[in-house]
Every structure is written in structure tokens, then in C-alpha cells.
Amino acid sequence: MKYKSMVKECRRMEKQAKAESEKKLALAQQAALELFDYFVEICDSHGLQYILIGDALLSAELSEGYLPWVSTIDVALPIKQYSAFVDLLQKKTNHDEIYLI
């Protein structure tokens, strides 16, 4: 009897952890999408070109949204436009140092 109750408790905890993990992933995806929208707004309003890369490109192509395990949006810009983007971001945020990976 004790074994069955332990198994039942483990399954309950596993379901709870999975639900919490899915909620955190959804929040991360929403935050990434909001940041991407801001990025697109800046690029479009200043004529900067960008492309989706990595999982973001795969997500857009395969599922027209996020792949279930992806919580980031990867983009690339030509180097001159990247420099222009950093300059614009510094002006918009009033920060001298901008770190982008």
C-alpha cells in the first residue's frame, strides 16, 4: 500500500512540474515575441534588413509559430545594418553600451 501511494505522489509531482515548466516556457515565448516585435518595429521604421535564423526560421517554416521546445527568436543583420541598429538602440535607450549576442 505504501508503494502505491508513493507512486501516486510521484506522478502528481511530475504532472505539477510539467505544468509549471510549460507555463514558464509560454511566458518566455511571449517575452521573446514582444522583444522581437520591438526589434521589427525599429528595423522596419529605419529600413534595416534582417532574417530569421536557427530555430526561429525552422519554427516559422514548419509550424507558423513556435516549436514546442523553442523559447528564443534568432535573427541576423548585415554588419553595416547591425552597426546602425546598435546606434539606434543606444539613442532610443540612452545607454552607451549595448550588448547583443
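Reader: Which helix holds Phe-36?
Author: This is a predicted model: local features need pLDDT of at least 70, side-chain atom pairs count only at pLDDT 80 or more, and totals for chains, interfaces and linings use all residues. Residues are numbered from 1 along each chain as its sequence is written, and side-chain values use heavy atoms, with hydrogens and water left out. Helices (H or I, at least four residues) and strands (E, at least two) are DSSP runs, numbered from the N terminus. Phe-36 falls within residues 2-45, and that run is helix 1.

Reader: What distance separates the end C-alpha atoms of helix 1?
Author: Helix 1 has 44 residues. The expected span of a helix is 1.5 Å times one less than its number of residues. For helix 1 that gives 64 Å, and the model agrees, because its end C-alpha atoms are separated by 64 Å.

Reader: Does Phe-36 count as buried or exposed?
Author: The cut-offs are set on relative accessible area: buried is under 20%, exposed is over 50%, and partly exposed is in between (1.4 Å probe, protein chains only). Phe-36 has 17% relative accessibility, so it counts as buried.

Reader: Which residues does Phe-36 touch, not counting those up to four places away in sequence?
Author: Contact means heavy atoms within 4.5 Å. By that test, Phe-36 touches Tyr-50, Leu-52, Ile-73 and Val-75.

Reader: Which residues of helix 1 are buried?
Author: Phe-36 is one of them. The buried residues of helix 1 pack against strand 1 (51-53), strand 2 (74-76) and helix 3 (79-93). The full list is Gln-29, Ala-32, Phe-36, Phe-39, Val-40, Ile-42 and Cys-43.

Reader: What does Gln-29 contact, leaving aside neighbours within four places in sequence?
Author: Gln-29 has its place in helix 1. At 15% relative accessibility, Gln-29 counts as buried. Its contacts are Tyr-66, Leu-67, Pro-68, Val-70 and Ser-71.

Reader: Is Leu-27 buried or exposed?
Author: Leu-27 also lies in helix 1. Its relative accessible area is 55%, so Leu-27 is exposed.

Reader: How many aromatic pairs does the whole structure have?
Author: Rings of Phe, Tyr and Trp (its six-membered ring) pair if their centres lie within 6.5 Å; planes under 30 degrees apart count as stacked, over 60 as edge-to-face and the rest as tilted. A search of the whole structure finds this number of aromatic pairs: four.

Reader: What kind of pair do the rings of Phe-36 and Phe-39 make?
Author: Phe-36 and Phe-39 are three residues apart in helix 1, which means about one helical turn separates them. Their ring centres are 6.2 Å apart. Their planes meet at 25 degrees, so the pair is stacked.

Reader: What kind of aromatic pair do Phe-39 and Phe-85 form?
Author: Phe-39 counts as buried, at 9% relative accessibility. Phe-39 and Phe-85 are 5.0 Å apart, centre to centre. With 65 degrees between the planes, this pair is edge-to-face.

Reader: Which parts does the pair of Phe-39 and Phe-85 tie together?
Author: Phe-85 counts as buried, at 5% relative accessibility. The two residues are 46 residues apart in sequence. Phe-39 is in one helix and Phe-85 in another, so the pair ties together helix 1 and helix 3.

Reader: Which residues form one aromatic cluster?
Author: Phe-39 touches Tyr-50, Val-75, Leu-77 and Phe-85, not counting residues up to four places away in sequence. Two of these, Tyr-50 and Phe-85, belong to the cluster. Its members are Phe-36, Phe-39, Tyr-50 and Phe-85.

Reader: How are helix 1 and helix 3 oriented to each other?
Author: Axes are lines fitted to C-alpha atoms, for helices over the stretch in contact, and angles run from 0 to 180 degrees between N-to-C directions. These two axes come within 11 Å and cross at roughly 110 degrees. Angles under 35 degrees count as roughly parallel, over 145 as roughly antiparallel, 65 to 115 as roughly perpendicular and the rest as oblique. Helix 1 and helix 3 are therefore roughly perpendicular.

Reader: How do the residues of this contact divide into nonpolar, polar and charged?
Author: From helix 1, Tyr-38, Phe-39, Ile-42 and Cys-43 meet Phe-85, Leu-88, Leu-89 and Lys-92 in helix 3. Ala, Val, Leu, Ile, Met, Phe, Trp, Tyr, Cys and Pro count as nonpolar, Asp, Glu, Lys and Arg as charged, and the others, Gly among them, as polar. The contact of helix 1 with helix 3 has seven nonpolar, no polar and one charged.
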